[in-house]
Amino acid sequence: MLFKNKIAFLTIFCFAVAVIGCKSKSSMAKKVLVAPIVSVKLDTVIKTVVVHDTIPKLSLGEHKVWTLEKAGLHNDVRQETAIHYDIRKPNYVIIHHTAQNSLNQTIRTFQVEHTKVSAHYVISRDGIIVQMLNDYVRGWHAGLSKWGSITDMNSISIGIELDNNGKETFPDAQIEALIQVLDTLKSNYGIPSSNFIGHADIAPARKNDPSVYFPWKRLADRGFGLWYNPSELVSAPDNFNPIDALKIIGYDTRNLKAAIVAFKRKFIVNDVSPELSVYDKSVLYNLYQKY
Ligand SMILES: [Zn+2]
């Protein structure tokens, strides 16, 4: 097959929406939205949103075709077509470090069959931005994770991997390229500042990326992620409950020590012990009021 085992990289963001409209006997429209296909493994990912049950199958070239049942329709209920809709948008951005040694190594990791991981973007140390999945496609970067009450972060987020081995700083060129991508995502999808977070935030017991070297404050200063106000730090009041505060921010506190370490890796940086000092609590107290 023409595209078998090949990933197509498109440098231009394209969103192809094919609307096939025709009238059935009952005058109900059949509409088929073909979601964007950018950098997807064409024989494994489905891009169809099918409205109306009278279309048994859609042939999309070499793309795998979902049956209607798998495309989200209940075959045993009455079907009526509403005409107002579009494609669901990402609402979070999850930042990772690759823990690998080169851009090409990471690209390959996301292209071989057995790894079962991917991200929408990979950014090299010198600022090369590679898009590997369309923004609207559900990438496999978050894994088992939780933020607030959300338990399927992959379904609502964009994953960005920074080429970094986890023990080194992030070069300026890489961070500036990241900010360029974040700027576009924020403006395209209306993602709020608080929803730019790290992998360790949503999976504190499993993950530690991005590392303490990641410049979260610099990002927050540009509108991506929230930061406390250093000049307004005060001692947390006696009735302050730090566990509730962590939960309000979004942390999964079932493993409290892991949640505290994740919080401190990001906001305290020079001490990532699993206890909250008086200072740590004052930072947490200041920060959680922004949520
Ligand atoms: Zn990660």
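In the predicted model, the buried residues of helix α8 pack against two other helices, α6 (242-249) and α7 (256-267). Helix α8 itself covers residues 278-288, and its buried positions are Asp-280, Ser-282, Val-283, Leu-284, Tyr-285, Asn-286 and Leu-287.

Helix α7 contains Ile-260. This residue counts as buried because its relative accessibility is 6%, under the 20% limit applied to buried positions. When neighbours within four places in sequence are set aside, the contacts of Ile-260 are Leu-246, Ser-273, Pro-274, Glu-275 and Leu-276. The C-alpha atoms of Ile-260 and Val-272 are 8.1 Å apart, with a sequence separation of 12 residues.

Val-272 also belongs to a nonpolar surface patch of about 290 Å², together with Val-212, Tyr-213 and Val-269. Of these patch members, Val-269 is located in the loop between α7 and α8. Its relative accessibility is 37%, so Val-269 is classed as partly exposed.

A zinc ion is bound by three protein donors, His-96 (ND1), His-199 (ND1) and Asp-209 (OD), at 2.0 to 2.1 Å. The spacing of the donor residues along the sequence is H-x102-H-x9-D. His-96 is part of strand β3 (residues 92-97) and His-199 is part of helix α4 (residues 199-202), so the two histidines tie together parts of the chain that are 103 residues apart in sequence. Both histidines are buried: the relative accessible area of His-96 is 1%, and the relative accessibility of His-199 is 4%.

Strand β3, which carries the zinc donor His-96, pairs with strand β6 in the parallel sense over six bridges. Within this pairing, Ile-94 has Gly-159 of β6 as its bridge partner. Strand β6 is also joined to strand β4 (residues 121-123), again in parallel, by three bridges. Here Ile-123 is the bridge partner of Leu-162 in β6.

Strand β6 spans residues 157-162, and six of its six residues are buried, so the strand is largely enclosed by the rest of the structure. The cover extends to both faces of β6. One side presents Ser-157, Gly-159 and Glu-161, and the other presents Ile-158, Ile-160 and Leu-162, all of them buried. The two bridge partners named above, Gly-159 and Leu-162, therefore belong to opposite faces of a strand with six of six residues buried.

Conventions
Residues numbered from 1 in each chain as written. Predicted model: local features only at pLDDT ≥ 70, side-chain atom pairs only at ≥ 80, totals over all residues. Heavy atoms only, no water. Buried < 20%, exposed > 50% of the residue type's maximum accessible area, 1.4 Å probe, protein only. Helix = DSSP H or I, 4+ residues; strand = E, 2+ residues; numbered from the N terminus. Contact = heavy atoms within 4.5 Å. Patch = residues over 30% accessible without salt bridge, like charges linked within 9 Å, V, L, I, M, F, W, Y side chains within 5 Å. Areas by Shrake-Rupley, 256 points an atom, 1.4 Å probe, with all protein chains shown as cover. Salt bridge = Lys/Arg side-chain N within 4 Å of Asp/Glu carboxyl O. Donors = N, O, S within 2.8 Å, 3.2 Å for Na, K, Ca; no water. Pairing = 2+ DSSP bridges.
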